[in-house]
Amino acid sequence: MRKLPYILSLLVLILLAGCDKPESDLPVNTRLGGEFSLTDQDGKPFSQDNLKGQVSILFFGYTHCPDICPAVLARVAQVYRNLDEAGLADRVQPVFITFDPERDTAEHLKEYLPWFKAEMVGLTGSLAEIRQVAEQYGVVFIKGDEEENYLFTHSDYIYLLDDQARVRKLYPADFNIDEVAADAESLL
Amino acid sequence: MQKVFSKGAVLAGAMLWAATAQAELVLDEAWLRAVPPVSPSMAGYVTVTNTGDAAVVITGARSDFAGHVMLHDMSMQEDGTRAMRHLHEVMVPAGGSVSFAPGGMHLMLMHLSRVPAEGERASLCLELRNDTSVCADFTVSRTSPFEA
């Protein structure tokens with residue numbers, strides 16, 4: 001019986017060892033997401049499988065967008081840099097999907113995205129491919145009538161995906177940077 | 001803070017006083033969203049206060065590094081999307097102010113001959129209906145330099 005306290009202490013230590021990383025309580029959104037096929041900024045195929053094994057901060061936009069999109073890009077980049085400073089960015093991947101493939105070619109995305117200093121993946125594709133993935137994420141985009149310098153009416157949610165590429169949380173465009181960073185950390 | 005200046009070369013003293021007495025525009029918190037050097041456009045933001053005793057109408061804007069500057073408004077639609085709308089004029093009431101701010105009214109700079117770099121101060125002028133303009137140096141920043 002004298003050994004009982006030691007055995008109990010050992011059991012507690014084993015249980016605590018398994019609790020050093022709390023499970024995230026973010027629910028899985030089963031209505032959004034799914035298989036897709038796009039092209040990254042290096043011209044390589046990129047599918048849902050490429051999102052697995054890391055936490056992704058995924059969002060849609062276009063580089064000719066002057067107001068909301070650069071703001072969202074800057075804020076997502078700040079989330080990434082905050083996680084990087086905390087040593088947590090190696091399994092976090094910001095992913096930008098354009099809905100303007102006509103102007104946002106892989107080459108243009110490769111020139112445009114590094115400025116944000118967030119190791120961002122940029123995805124483009126055919127209009128059909130982009131329409132498909134946009135539908136999967138509930139994204140609406142409508143091209144303007146202008147011949148030149150056309151703009152889009154669009155939705156602008158940001159999606160946090162876990163390491164199985166499942167959507168775990170949505171944020172508005174003016175999301176709180178600390179909130180997204182904390183949520184991403186909870187999924188690591 | 002910048003005040004309105006007449007485009008005209010020389011005006012009689014009394015006429016100049018009359019013109020400025022009607023329209024005293026003050027520009028505050030002027031900034032441009034920093035964007036990558038390959039960007040074709042960028043957005044500008046500013047608060048315009050009219051300290052005069054007559055309404056002032058902004059009809060456009062110009063800058064030496066942008067081929068075209070438009071007044072735009074961004075608004076949330078019922079379906080949750082955001083739509084951009086070209087404004088042909090914006091009125092600043094006497095004693096009132098108007099804000100060009102992210103997610104709302106903003107200046108859209110297009111056909112950029114160069115993209116001002118982060119940290120730079122770039123001059124931009126608002127054009128008014130009465131053939132005058134008011135200019136300010138806009139700070140180029142990734143996020144608003146005026147937010148707490």
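These questions and answers walk through a predicted model of two chains, A and B. Residues are numbered from 1 along each chain as its sequence is written, and chains are lettered from A in the order in which they are written. Because the model is predicted, local features need pLDDT of at least 70 and side-chain atom pairs count only at pLDDT 80 or more, while totals for chains, interfaces and linings use all residues; side-chain values use heavy atoms, without hydrogens and water.

Student: How many helices and strands does chain A have?
Tutor: Helices (H or I, at least four residues) and strands (E, at least two) are DSSP runs, numbered from the N terminus. The order from the N terminus is α-β-β-β-α-β-α-β-α-β-β-β-β-α. The count for chain A is five helices and nine strands.

Student: What share of the residues in chain A is buried?
Tutor: Buried means under 20% relative accessible area, exposed over 50%, and partly exposed in between (1.4 Å probe, protein chains only). Chain A has 188 residues, and the buried share is 51%.

Student: Which residues touch the most other members of the largest nonpolar core?
Tutor: Such a core is a set of buried Ala, Val, Leu, Ile, Met, Phe, Trp, Tyr and Cys residues joined through side-chain atoms within 4.5 Å. The largest one holds 100 residues, and those with the most partners are Phe60(A), Met120(A), Phe100(B), Leu107(B) and Leu109(B).

Student: Which helix gives the largest share of this core?
Tutor: The core has 100 residues. Nine of them come from residues 68–85 of chain A, helix α2.

Student: What does α2(A) span from its first C-alpha to its last?
Tutor: The expected span is 1.5 Å times one less than the number of residues. α2(A) has 18 residues, and 26 Å is expected. Its buried residues include Val72(A), Val76(A), Val79(A) and Leu83(A). The span of α2(A) is 26 Å.

Student: Which residues does Phe60(A) contact, leaving aside neighbours within four places in sequence?
Tutor: Contact means heavy atoms within 4.5 Å. The partners of Phe60(A) are Phe96(A), Ile97(A), Phe99(A), Val133(A), Ala134(A), Tyr137(A), Val139(A) and Tyr159(A).

Student: Is Glu119(A), with its positive phi, buried or exposed?
Tutor: Phi of Glu119(A) is near 50°, and the residue is not glycine. Glu119(A) sits in the loop between α3 (106–112) and β5 (121–124) of chain A. Its relative accessibility is 60%, so Glu119(A) is exposed.

Student: How much area do chain B and chain A bury between them?
Tutor: Buried area is the accessible area (1.4 Å probe) that two parts lose on being put together, summed over both. The contact takes 27 residues from chain B and 25 from chain A. Carbon and sulfur atoms carry 63% of the buried area, which is about 2200 Å².

Student: Which three residues supply 29% of the area that chain B buries against chain A?
Tutor: No other three residues give more. They are Val38(B), Arg82(B) and Arg142(B).

Student: How many salt bridges cross the interface of chain B and chain A?
Tutor: A salt bridge is a side-chain nitrogen of Lys or Arg within 4 Å of a carboxyl oxygen of Asp or Glu. The whole structure has 14 over all chains. Across this interface the number is zero.

Student: Which residue does Arg142(B) pair with in a salt bridge?
Tutor: Arg142(B) lies in the segment after β11 (132–141) of chain B, and its partner is 24 residues apart, in the loop between β9 and β10 (121–128). Arg142(B) is buried because its relative accessible area is 14%. The closest N and O atoms are 3.0 Å apart, and the partner is Glu118(B).

Student: Which residue in helix α5 of chain A, 14 residues from Lys169(A), shares a salt bridge with Lys169(A)?
Tutor: Lys169(A) also bridges Glu179(A) at 2.8 Å, N to O. Lys169(A) is in strand β9 of chain A. The residue asked for is buried, at 11% relative accessibility. It is Asp183(A).

Student: Which backbone nitrogen does the side chain of Asp73(B) reach?
Tutor: Asp73(B) is in strand β5 of chain B. Its relative accessible area is 15%, so Asp73(B) is buried. The side chain reaches its target at 3.4 Å, the backbone nitrogen of Met105(B).

Conventions. Polar contact = N/O pair within 3.5 Å; in protein donor to acceptor, adjacent residues only side chain to side chain.
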